[in-house]
Each structure stands twice: as structure tokens, then as C-alpha cells.
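Visitor: Could you take me through one part of this model up close? I'd like to see how the pieces of the chain meet, and what the charged side chains are up to.

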Amino acid sequence: MSRGPVGVALIGAGNISKQYLDNLTVFPDVRVVAITDLYPEAAKARAEEYGITEHGTPELALEHPDVEIIVNLTIPAVHADVALQAIRAGKHVWSEKPLALDRESGREVLEAAAAAGVRVGCAPDTFLGAGLQTARRVIERGDIGTPLTAQTVMQYPGPDRWHPNPAFLFQRGAGPLFDMGPYYVTALVQTFGSARRVAAMGSAALTRRTVATGPLAGETFDVEVPTHVSAQIQFEGGASSHSVFSFQSPHVRTGYVEVTGTEATLLIPDPNNFDGELQLIRPGEDDWTVIPASGAAQGRGMGVLDLARSIRAGVPHRATGELAFHVLDTMIAISDSVERGEFLTVESSAEPSVPLPEDWEPLAATLEGTA
């Protein structure tokens with residue numbers, strides 16, 4: 001069995017790679033071996049920024065003998081293809097969300113990994129952060145009674161206002177549902193268990209949008225997906241939720257997650273973040289009780305670290321491919337419901353992940369051979 005830090009390599013050196021590298025380069029239990037991209041100059045620039053000596057095209061990551069985990073930070077349209085390449089190369093893979101764009105590709109990734117004896121992990125890993133882990137503890141110790149319903153809201157004008165190259169966020173496999181939905185749906189599944197039925201409506205205010213910032217400012221692009229989705233989810237135990245996902249609201253309201261139980265209502269921190277305070281209110285109370293979050297909140301890459309430590313320990317990791325597939329399956333059912341105008345069944349399932357120990361420390365060296 002391998003020992004010491006787990007070698008990882010990035011495929012994809014775009015915007016989000018910086019968030020991962022800020023953490024992966026300081027976690028003692030992982031070692032960033034290489035940064036790669038279809039555009040080697042992008043990989044070189046990012047590698048130099050973080051002091052990584054090896055960089056190049058994705059083949060370097062796939063063929064490198066010291067790489068155990070491929071961190072797949074490519075665009076959604078190729079997530080499944082890159083994951084399959086990593087699996088064929090005998091590597092474990094961590095993928096940015098979503099796992100795939102369709103159920104068939106998602107299943108193919110999971111089946112290929114099982115056959116190859118490697119693991120699949122997938123974002124979001126925000127539910128491993130202090131905010132949502134504290135919410136999990138609050139709910140499981142019964143502070144709100146039996147969880148019954150939830151409301152979530154994610155609405156703002158859209159990423160064309162700030163992203164330098166936003167067109168892909170309005171194409172198939174993205175839009176507010178597939179871009180931001182994984183954070184909210186994952187948080188709901190961690191609270192209520194598997195989704196069972198969905199119903200949804202959607203719309204698109206504009207058929208074309210204009211890039212507002214960066215070198216492409218002024219260029220226009222087609223909008224291929226609904227930019228506003230309103231979704232109902234019923235979960236296996238009978239609980240239900242209502243969610244808004246919108247890229248067309250002048251009123252910015254993001255990160256809102258409210259869970260109501262038989263005894264209290266709990267406001268959960270933004271599921272796109274790793275930290276934040278919680279608030280709880282009971283019938284007859286005028287003021288919310290603030291509950292500080294406790295635990296680790298380093299940010300993106302915590303799921304990669306949990307995957308790495310779990311590989312070494314031979315135990316299940318938490319942000320699994322199966323969880324990501326169930327979230328994908330649920331979002332596809334929501335998208336199909338928008339088109340068909342009817343309730344649809346979600347066939348897959350995923351159990352809430354085992355909570356992290358409250359003293360789980362990303363900056364600790366826990367593997368033999370780390371210092």
C-alpha cells in the first residue's frame with residue numbers, strides 16, 4: 001500500500017483552479033505534482049503562480065507515475081470524458097460538478113471506476129465545511145424536531161455580468177439549475193435523504209446575452225437553457241422542498257436555505273460556501289438564536305483531501321460519485337419536468353454522507369510519511 005502524501009494533478013487551469021490550489025498546496029496529506037490544460041500556456045502560468053514545477057497538456061497528468069488522483073476542473077461538457085480517461089489510466093478522479101451532462105455518461109463513469117477498482121469523488125464538497133456540518137449536527141440532535149420542509153433561493157442577474165467568458169454557463173449542462181443547483185440539491189439530500197419526485201417550471205428572459213467584462217466584453221452569445229427554474233422536490237421520507245434557481249433577477253438573493261421542522265426553523269449557511277453562522281427560531285420567539293459554525297472551513301479541495309485520506313485508510317470517502325450521480329439525476333428530472341410539465345420520479349438514491357469528526361483538521365499531517 002502507498003504511504004505518505006497522495007499525489008494529485010489538475011486537468012484544467014481556469015478560474016476555479018486557483019480556489020483549489022490555494023488549499024491543495026497547503027494540505028500536508030496531498031502533493032500537487034502537476035498542473036495541466038489543453039492550453040499548456042495556461043497550465044504554465046498557473047503552475048508558476050503556485051511554484052509547481054511540472055506542467056503541460058493533460059497527457060502529463062494521465063501518464064505521471066506519482067499521480068494518484070486526477071482533479072478534473074474542465075468545463076461541464078467534458079467532465080465525463082476526462083473522468084473516463086483518468087479511470088482508464090488507473091487514476092482515482094475528483095471532478096468538478098456536475099459529474100456528467102446526462103445519466104448515461106454518469107453511469108458509465110461510475111461503472112468504469114468500479115471495474116477498474118478506482119474511486120470517483122465529485123464536487124460540491126461545500127457540505128464538508130463547518131457551516132453545513134454544523135447544520136447536520138443541529139438537525140441530527142433534534143433541535144428542530146423532525147425536518148419537514150425546506151426553501152432555497154439562488155437568484156441574481158447572471159454570470160454574464162462578471163465572468164470573462166460566460167457563454168458555457170448558458171449552454172446545455174449549465175444554466176442556474178446545473179451550475180448552482182448541485183450546491184443546494186446536495187445540501188437538501190444531506191438533510192432529507194434521497195429525492196423521489198420532482199415538479200418544475202422554467203423560463204428564459206433573453207435568447208442572447210452580452211459579455212459585460214474582460215477581453216470579450218461586448219460580444220454576444222446564445223442562451224440555450226432556462227435561466228429561471230422553480231422546482232419542487234419530494235424526498236423519500238415524505239419531506240418536501242421548494243427551490244428557485246435564477247440568472248435573471250435584478251434582486252440578488254443567494255445562499256438562502258431554510259429548513260423547518262416540527263419544533264423550529266433553521267437557517268443554514270450558503271451551500272456554496274464552507275462557513276457561516278446558523279440561525280434558529282421556535283414558535284413564539286421574536287428573535288433568532290445565532291449558532292456559530294464549528295469545524296474546518298478551508299474551502300474547495302476539502303473533498304479531494306477527504307478522498308486522499310480515505311484512500312490511504314481504506315474507508316469510504318464522503319463526496320462520492322454515487323451522491324453526485326443522484327444529484328445529477330434529480331436535476332435532470334427537474335429539467336425534464338420543465339419541458340414536460342408533470343411530476344417525474346427520481347430513480348436513483350444516495351444516503352447522507354457520514355459526518356466529519358468535529359476535530360477533522362485539513363492542515364494536519366495525518367498520513368505516514370508526511371511531515
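Guide: Sure. Between them, domain 1 and domain 2 bury about 1,300 Å², with 61% of that on carbon and sulfur atoms. Keep in mind that this is a predicted model. Domain 1 covers 6-126 + 299-321, while domain 2 runs over 131-291. Their C-alpha centres sit 25 Å apart, and the contact draws 12 residues from domain 1 and 15 residues from domain 2.

Now for the polar side of that interface. There are 4 residue pairs in polar contact across it, both partners at pLDDT 80 or more. The domain 1 face that touches domain 2 breaks down into 5 nonpolar, 3 polar and 4 charged residues. The salt bridge count between the two domains is 2.

Zoom out to the whole structure and the search turns up 18 salt bridges. Take Glu49 and Lys18, whose closest N and O atoms are 2.8 Å apart. Glu49 belongs to helix α2 and Lys18 to helix α1, 31 residues apart, so distant parts of the chain get linked. Glu49 is partly exposed at 41% relative accessible area, and Lys18 is partly exposed too, at 34%. Arg46 joins these two in a salt-bridge network.

Asp160 and Arg209 also pair up, at 3.1 Å from N to O, and both are buried. Over by Glu342 and Arg340, the closest N and O atoms of the salt bridge are 2.9 Å apart; Glu342 is partly exposed at 37%, whereas Arg340 is exposed at 51%.

How values were computed
Residues are numbered from 1 along each chain as its sequence is written. This is a predicted model: local features need pLDDT of at least 70, side-chain atom pairs count only at pLDDT 80 or more; totals for chains, interfaces and linings use all residues. Side-chain values use heavy atoms; hydrogens and water are left out. Domain bounds come from an automatic or database domain assignment. Contact means heavy atoms within 4.5 Å. Buried area is the accessible area (1.4 Å probe) that two parts lose on being put together, summed over both. A salt bridge is a side-chain nitrogen of Lys or Arg within 4 Å of a carboxyl oxygen of Asp or Glu. A polar contact is a pair of N or O atoms within 3.5 Å; within protein, one must be able to donate a hydrogen and the other to accept it, and residues adjacent in sequence count only if both atoms are side-chain atoms. Ala, Val, Leu, Ile, Met, Phe, Trp, Tyr, Cys and Pro count as nonpolar, Asp, Glu, Lys and Arg as charged, and the others, Gly among them, as polar. Helices (H or I, at least four residues) and strands (E, at least two) are DSSP runs, numbered from the N terminus. Buried means under 20% relative accessible area, exposed over 50%, partly exposed in between (1.4 Å probe, protein chains only).
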